[in-house]
Amino acid sequence: TMRDMLQKNQTQIATQKQVLHDKIEELQAAEKKIKESEAYNKVLFSDSGIALVVLDPQSGKFTDCNQAAIDIYRMDDKAALIGLTPVEISPHIQYDGTPTPKCVESRIQQALKYGSVIFEWRHVHPDGSECDAEINLMSFRYGNRLLLQFSARDITESKRIENELVQNERYQ
């Protein structure tokens, strides 16, 4: 009868209310995890003291970077580095005498094939001075895109000392 029908509806509403409440709690917990993950990633990427740059292997252009990368490449700001290619911040020839464009393509292909590759690279600052860096280039998926990220560690001073030692050994 009417009272039974109302009681049945109230029971259904109470059950639906509990289901919605549980789903809201799940969504809030997921949102909290996302925010924590974003904060964690910000520390790893943006606030890292290690120079990090994201490279689109299709276009060959830098798509993102952190402040440490801006500093190591002596750029004015992020916008000055984004959109450049490794060729544009490197001398025409690398250590082994290979033209830089050929080296860039080779390193990108190695990272895509093997997941990562570590190598030394010579860069050119906007003022024309050169610096040496150890590069760790690795591939990763972001959504449905395959991208590359590299870390750069300035080894200019180490290379200078190494070259001096080699020169000294030649003269002895």
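Here are some notes on this predicted model, going from the overall shape down to single residues.

1. Overall make-up. The protein chain has five helices and five strands. Read from the N terminus, the order of elements is α-β-β-α-α-α-β-β-β-α. With a radius of gyration of 26 Å, well over the 16 Å that the globule rule gives for 172 residues, the chain is more spread out than a compact globule. The box tells you a bit more: along the principal axes, the C-alpha atoms fill roughly 105 × 30 × 25 Å.

2. Burial and surface. Of the 172 residues in the protein chain, 29% are buried. The accessible surface comes to about 12,100 Å², and carbon and sulfur atoms account for 53% of that. As for contacts between residues at least 6 apart in sequence, 37% join residues at least 24 apart.

3. Strand β1, a good place to start looking. This strand covers residues 51–56 and is mostly covered, with six of its six residues buried. Ala 51, Val 53 and Leu 55 point one way, while Leu 52, Val 54 and Asp 56 point the other way. Do note Asp 56 in that list: it is buried along with the others.

4. What pairs with β1? Strand β2 (residues 61–65) runs antiparallel to β1, and four bridges join the two. Leu 55 has Phe 62 as its bridge partner in β2. The two strands form a hairpin with four residues between them, and Gly 60 in the turn has a positive phi of about 75°. Strand β5 (residues 145–154) is also antiparallel to β1, joined by five bridges. Here Ala 51 has Ala 152 as its bridge partner, and Val 54 stands opposite Gln 149.

5. The other partner of β5. Strand β4 (residues 130–142) runs antiparallel to β5, with 10 bridges between them. One pair to click on is Asn 136 in β4, whose bridge partner in β5 is Ser 151. This hairpin has two residues between the strands, and Gly 143 takes a positive phi near 65°. So much for the strand pairings; the next points go residue by residue.

6. Thr 63 in β2. This residue is found in strand β2. Its relative accessible area is 36%, so Thr 63 counts as partly exposed. Setting aside neighbours within four places in sequence, Thr 63 is in contact with Val 54, Leu 55, Asp 56 and Ile 82. Val 54, Leu 55 and Asp 56 are among the buried residues of β1. For a sense of distance, Thr 63 and Val 87 are 24 residues apart in sequence and 15 Å apart in space, C-alpha to C-alpha.

7. Leu 112 in helix α4. This leucine lies in α4, which spans residues 100–114. It is partly exposed, because its relative accessible area is 29%. Beyond its neighbours within four places in sequence, Leu 112 is in contact with Pro 57, Ser 139, Leu 146 and Leu 148. Measure across to Phe 140 if you like: the two are 28 residues apart in sequence, and their C-alpha atoms are 8.9 Å apart in space.

8. Lys 159 in helix α5. Helix α5 covers residues 156–171 and holds Lys 159. Is this lysine buried or exposed? It is buried, because its relative accessible area is just 10%, and the cut-off for buried is under 20%. The charged end of Lys 159 sits over the ring of Tyr 95, 4.9 Å from the ring centre. Leaving out neighbours within four places in sequence, Lys 159 is in contact with Tyr 95, Glu 120 and Asp 132. I'd look at this lysine with the side chains of those three switched on.

9. Aromatic pairs. Searching the whole structure turns up two aromatic pairs. In one of them, Phe 119 and Trp 121 are edge-to-face, 5.7 Å centre to centre with 75° between the planes. Both Phe 119 and Trp 121 are buried.

Conventions. Residues numbered from 1 in each chain as written. Predicted model: local features only at pLDDT ≥ 70, side-chain atom pairs only at ≥ 80, totals over all residues. Heavy atoms only, no water. Phe/Tyr/Trp six-rings, centres within 6.5 Å; stacked < 30°, edge-to-face > 60°. Buried < 20%, exposed > 50% of the residue type's maximum accessible area, 1.4 Å probe, protein only. Lys NZ or Arg CZ within 6 Å of the ring centre and 35° of its normal. Contact = heavy atoms within 4.5 Å. Pairing = 2+ DSSP bridges. Rg over C-alpha atoms; globule rule 2.2 N^0.38 Å. Areas by Shrake-Rupley, 256 points an atom, 1.4 Å probe, with all protein chains shown as cover.
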